[in-house]
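Colleague: Please take a close look at the salt bridges in this model. I would like to know what they join and how accessible the partners are.

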Amino acid sequence: MSTSKESGKMKTIVFEVLRYDPEKGGTPHLQEFTVPLHKGMTVLDGLHWIKEHEDPTLTWRSSCRMGICGSCGMFINGLPRLACTNQITHLHSDRVVIKPLPNFDIIRDLVPDLESLFDRHRSVKPYLIRRDRIEQNSPTREYFQSSEELVNYIQFAYCIKCGLCLSACPTVATSEDYTGPQALTQGWRYLADTRDEGTEEHSEELYSKHGVYRCHFAGACSQVCPKGVDPAMAIQLAKQAAFLKSMGLCKDKPGAPVTPPIDNWVSEKEIPKPPEPTVARES
Amino acid sequence: MQHRYKNNLGLWGWLGGGRYGADRYAYALHRLSGLGILAYFLMHIFVTGTRVDGPEAWESAMHFFENPLFRLGEFLVFLAFLYHAVNGIRLVLVELGLLVGKPGLPSYPYSHSVIRQRPVLVVAMVITAVLVLFAGADFLFLTK
């Protein structure tokens with residue numbers, strides 16, 4: 001499939017970018033730019049080219065350019081995506097239409113106001129809550145957790161707070177009060193963590209009238225998540241846990257204990273010794 | 001603070017708004033069919049309420065609804081009911097956490113719960129389609 005226009009030897013691609021100037025106000029409009037295309041070029045690279053060569057006033061937010069920081073979430077060719085992890089040729093179109101993430105206010109051009117995301121995130125108390133605050137604040141040892149217990153939540157801990165799921169969610173589109181897939185997933189991430197003892201604190205928002213029961217499994221959040229966090233699953237697991245608990249089929253477990261002191265620890269005899277150093281140590 | 005542009009998708013985001021998977025459209029249709037059934041229910045209460053005014057009022061109301069347009073409407077209500085019921089069973093199973101799989105270590109390319117339950121969506125839609133065909137035959141040939 002031809003993904004770009006031929007103009008002489010240089011392949012080019014048309015960028016349509018939504019522009020909004022808060023000082024002028026009015027309605028945002030699309031502006032066209034023609035960008036030379038090279039192999040491996042990401043949407044973010046294209047935006048950088050426009051800023052460098054065509055219009056220095058074009059504004060967006062980005063940082064790491066490798067899908068870790070979650071700053072460059074944009075609505076690209078009909079889906080919320082990260083501009084840095086999507087190559088232009090992989091979009092299979094000769095036009096790249098870029099708009100700011102929907103369901104967030106636009107600050108300027110492609111910059112969405114993510115404050116509502118962070119408010120939602122804070123509302124589920126996304127941190128480890130322990131009854132013994134002294135041990136938590138000045139720990140003597142780590143909390144005991146097996147690798148099987150880790151798997152129950154590690155996937156949800158990969159969230160980079162990019163806001164793509166909130167732009168994709170149809171419930172968020174009509175209800176500003178809905179806690180949203182991102183925050184609900186983070187709430188469940190701590191409920192599923194065996195070290196956590198704050199079930200009540202996290203549940204307050206998670207099972208409120210704007211919580212998990214407003215989700216009807218449209219699945220768009222999991223479809224667009226760039227880190228494989230799968231918010232839709234986290235929300236269904238939270239509903240399942242509430243159901244099992246209400247039927248008396250599962251009970252709250254006490255928080256994971258602090259590992260025993262070093263004296264009781266027995267070393268594994270099978271662990272091989274490290275190889276001899278190949279460089280002589282300085283005496 | 002500088003002026004912000006409100007960019008909430010509203011109802012448009014509810015119905016579509018992007019190149020999303022079938023499940024998101026199943027969600028929209030589920031809500032629409034639910035609203036359709038609710039509208040029918042309100043109408044139904046009003047119509048059966050005419051019986052209070054005596055047999056004549058009831059008869060004339062029934063006569064009014066013999067119009068083919070209302071027969072079509074009745075069929076659409078039944079379609080909405082079929083879809084809402086079958087898809088609703090899928091949603092109950094999903095919300096009990098039965099079809100979404102288990103959390104695992106995220107490794108690329110990522111899989112997710114929506115893909116894992118997709119076959120059940122397909123089966124639900126096939127069941128709905130078969131029931132719709134039976135219902136259509138019934139409306140066309142079996143009842144007057």
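Modeller: What follows is a walk through selected salt bridges, pair by pair. The model is predicted, and it holds 19 salt bridges over all chains.

One of them crosses between chains, joining A:D113 to B:R4. The N to O distance there is 2.4 Å. A:D113 sits in the loop between β8 (111-112) and α2 (115-123) of chain A, whereas B:R4 belongs to the segment before α1 (10-15) of chain B. With a relative accessibility of 18%, A:D113 counts as buried because the cut-off is under 20%. B:R4, at 23%, counts as partly exposed.

Two further bridges start from the loop between α2 and α3 of chain A. In one, A:R130 pairs with A:E197, with the closest N and O atoms 3.9 Å apart. A:E197 is in the loop between α7 and α8 of chain A, so this pair links parts of the chain 67 residues apart. A:R130 is buried, with a relative accessible area of 8%, while A:E197 is partly exposed at 22%.

In the other, the side chains of A:R131 and A:E201 meet at 3.5 Å, N to O. Here the loop is tied to helix α8 of chain A, because A:E201 lies in that helix, and the two parts are 70 residues apart in sequence. A:R131 is exposed, with a relative accessible area of 51%, and A:E201 counts as partly exposed at 23%.

Finally, A:E16, A:E32 and A:R95 are linked in a network of salt bridges.

How values were computed
Residues are numbered from 1 along each chain as its sequence is written. Chains are lettered from A and ligands numbered from 1 in the order in which they are written. This is a predicted model: local features need pLDDT of at least 70, side-chain atom pairs count only at pLDDT 80 or more; totals for chains, interfaces and linings use all residues. Side-chain values use heavy atoms; hydrogens and water are left out. A salt bridge is a side-chain nitrogen of Lys or Arg within 4 Å of a carboxyl oxygen of Asp or Glu. Helices (H or I, at least four residues) and strands (E, at least two) are DSSP runs, numbered from the N terminus. Buried means under 20% relative accessible area, exposed over 50%, partly exposed in between (1.4 Å probe, protein chains only).
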